[in-house]
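The exercises below each set a task and then work through a solution step by step. Please keep the sequence and the 3D view at hand while reading.

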Amino acid sequence: MAQPTPPADGPQPPSLPCDLGRGFMSCFACAEHPEGPISAETMSLLTELFSDLYKEAFSRLPIEDMPDLHFDPHMSGMCVGLIHPVTNIILNTFSFPPDDDYFGGSFPFGRSRSTLHEISRGGREQWYPMVYMSIRILIEFMRTYFRLLNEEQAGRYLLWARGDLALAVLFVEHELYLERPAIPDPRSPRTRFSFQLAVAAASHPTPDYLAWLSTLWLPRQQLETLAPILIPRNRKLTVDDVWTISSVLRSQGRPPPRTPFPPPQGPVHHSIDLGDGRIGYTTVVQLYGDYITSLRRNPDIQSMLSHYREDAIDALPRARRSQLAAAARKPCEVDSPNCPKGTTCLYIRSLKMSLQGTIHGFYLKALAKLSSRQACRLMRAIIVAGHCYGPMDPVSNIIVTAIWYDMKFPPPPPPSGGPSLEHDMLDTLSVLRTECRSLVGLVALFCDTISDQSFHLTLKSLCHAKCDLSTEVQRHLQSMQPDGSSPNPFSAATAAAQHPQSSALAEFLVSLSPMKLRRLHSLTSPDSTLSDDSFRQIFDIIGGPASSMPEVFPLCDNALSILSKKRSDHADLRRFIRKQITHLLQKYAYHHPMEPKYELVCICGVEVIGHRQSSYHVNFMAAAAGSRSENTLFFADLSVSFCCPVPQPCTGRCYYGEVSATKIVYPDMIRYFSCDVTSGGTGQPETPLETDYIFADLGRDLKLVKALQRSADEQEAVRRGLYIREEFLHCEDPEWWNDYDVPEWYDEY
């Protein structure tokens, strides 16, 4: 076999293996994988840590000089924010909500039950309300910000970061192999909404204000006033410093309920040609300033990450350090014979969720490259057989294998006299099933071609490589015997992924020469939609005749009626949703004249919300008129006639669990931020889905044929049962029942 050459264009995947020591804070002992709330041990360590932080903060306050300052430990002084924990405590101690009762006079006396002097001298028992609420808020922030952590994991990362929320987020992103780990951006809706939901979940009495303060924007002059007070870590504050902090916060007034991040600094002018000789102008003016997080010293991220394991071990009691040090040097053994049955590794679960989110992005990227006509033709092939593993990058693998399947195994002709079906709408469960099977195929391909190691290490390596195994797979193909005696490296992957034509796909993938791989990659990798010429070239490269159309399995009339009804309902729903989306795109263009007009390409996710008619959340691809750039992903809420473009899903914030999963990409709005995880997890799509009936191939899918026949038999049994029940009510002979051949499972009805 000729030596394959990696694609010359585009970024190359990282080399393997990865840093296998990551994840030990989420899973460091085979016998300890708590599934429920945070463990008592971790909570005890966090309580001790935060008590020390409050002790340090109170030591810096001028408590003796302000003995009559009233203080409410259930509201003020929370260790919440993106600055240093001690600085957060100091800032929140004097950041009373700007109500008239608070700031009507000079200082807020007489509102709370204790003075700050009494609280600070009362010891840890007096501090406990603040400590406990601070821990709960930070844990909820971590869980909301990422979605793939449970309370125990979030608590351990906070312990690791010594209560510094920004560093805890940085460490999680590093553990999940994100390309550029970063602390939370206060401009990001993801950050702001995570604070709002976390503070509300912890039952803080003023949640809006505390969340607003954590991402507060201040004019430059006020930031320069606060910097010498709050940045030095060892400075003892004076009464004047306290007055300064209070005055700056008081000058901001009430927190705006729907304040977006500030526009660009200074006046910015925009103009756009609206056509017909019309030109639109806008001017944005903003005072110079920055976010309160600018008071934080910019950390040396690479330096911190290079020593993160040692820092985490030092953060724990001496009795646990040796256990953690050993765990940091070896992988988790949750899938080894020595691990107790039923053990679930939290870190493995998080890695799987992160990988599912990454793969979901690949499928959206593939759909973004297709024109409306191409999407309509390939939708069936993508959802049935377009898997992301193979010798190229994941997006190219999806497109090429879908085109191959459409060529070799074309859809059956429509029923006699029936209309041709339009396949340009997918439901969320069918997409989720394809993504789950692709992940299984990736794991099998990795073990068969790169390294046959534990499931834990395999997932780490896939996260590190961003699921792109092209370089390693092509290197494996290079080592195969030219006489064809080597086993096919794709056979195990296609079989594990339950591909409908596993053997044929494996033979196709292994037959691709280095020259063909380079040509296919060059056609599918540009950041633009596939041209008709590129589409034809891919067909020519694949070549070969289509397989013969098999004989259709016989079905009874009732089964055919069920299939016809499902397809008819799907067509009605498709027409309804397309009509609504077309109207919403026109409405969007009217309200956004400076943006290009969009045209619907395909619908890539439909989720029913509630039980009201027309309550659908939809993801769809839309093409900018007159542009060859990739399609834009949109979100639509049909219940309120709203749509907007959304970015590709963030790989760091996702959820793909066994009982619930993220199936729709939502915009960064507080209305949708708390409901972006829907019921029905990764195990649900393995049952026959509605899409299976729409794309039914009655000559090849024996499993679906049996499901149709079973549904027909059950309907017939129910119909007969109702008739039998009616006869029984008018019959005096109880022995007549024996004359009927009733199935054993009839009692369920």
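Is Asp692 buried or exposed? The model is a predicted one, and in it Asp692 has a relative accessibility of 16%. Buried means under 20% relative accessible area, so Asp692 counts as buried.

**Exercise 1. Find the salt-bridge partner of Asp692 and state which parts of the chain the pair connects.**

Step one is to look for the partner, which is Arg433: the closest N and O atoms of this salt bridge are 2.5 Å apart. Step two is to place both residues, and here Arg433 belongs to helix α18, whereas Asp692 belongs to helix α27, which covers residues 690–694. The pair therefore ties together parts that are 259 residues apart in sequence. Step three is to check the cover of the partner: with a relative accessible area of 10%, Arg433 is buried.

**Exercise 2. Describe the salt bridge between Arg578 and Asp424, including the exposure of each partner.**

Begin with the distance, which is 2.7 Å from N to O between the two side chains. Next, locate the partners: Arg578 sits in helix α25 (residues 557–591), and Asp424 sits in the loop between α17 and α18 (428–449), so this salt bridge links parts that are 154 residues apart in sequence. Finally, compare the accessibility values with the limits, where buried is under 20%, exposed is over 50%, and partly exposed lies in between. Arg578, with a relative accessible area of 22%, is partly exposed, while Asp424, at 5% relative accessibility, is buried.

**Exercise 3. Work out which helices are tied together by the pair Arg377 and Asp406.**

The structure holds 20 salt bridges, and one of them joins the side chains of Arg377 and Asp406 at 2.6 Å, N to O. Arg377 is part of helix α16 (residues 372–385) and Asp406 is part of helix α17 (residues 394–408), so the pair holds together parts that lie 29 residues apart in sequence. As for their surroundings, Arg377 is partly exposed at 43% relative accessibility, whereas Asp406 is buried at 6% relative accessibility. As background to these pairs, side chains of opposite charge can pair when their charged atoms come close.

**Exercise 4. Reconstruct the sheet that contains strand β8, beginning with its order.**

The sheet is open and is formed by 4 strands in the order β7-β8-β9-β10, with antiparallel pairing. Its edge strands are β7 and β10 (642–645), each of which pairs on one side only. On average, neighbouring strands of this sheet are turned by 25° against each other, direction ignored.

The next step is to follow the bridges on either side of β8. Strand β7 (residues 598–608) is joined to β8 by 9 bridges, and Leu600 stands opposite Ala622 in β8. Towards strand β9 (residues 632–637), β8 makes 6 bridges; in β9, Leu633 is the bridge partner of Met621, and Thr632 is the bridge partner of Ala622.

The last step is to consider how covered the strand is and what lies over the sheet. In strand β8 (residues 616–624), 8 of the 9 residues are buried, so the strand is mostly covered under the limit of 20% relative accessible area. Helix α25 lies across β7, β8, β9 and β10, and runs at about 125° to β7.

Note on methods: Residues are numbered from 1 along each chain as its sequence is written. This is a predicted model: local features need pLDDT of at least 70, side-chain atom pairs count only at pLDDT 80 or more; totals for chains, interfaces and linings use all residues. Side-chain values use heavy atoms; hydrogens and water are left out. A salt bridge is a side-chain nitrogen of Lys or Arg within 4 Å of a carboxyl oxygen of Asp or Glu. Helices (H or I, at least four residues) and strands (E, at least two) are DSSP runs, numbered from the N terminus. Buried means under 20% relative accessible area, exposed over 50%, partly exposed in between (1.4 Å probe, protein chains only). Two strands pair if DSSP finds at least two bridges between them. Axes are lines fitted to C-alpha atoms, for helices over the stretch in contact, and angles run from 0 to 180 degrees between N-to-C directions. Contact means heavy atoms within 4.5 Å.
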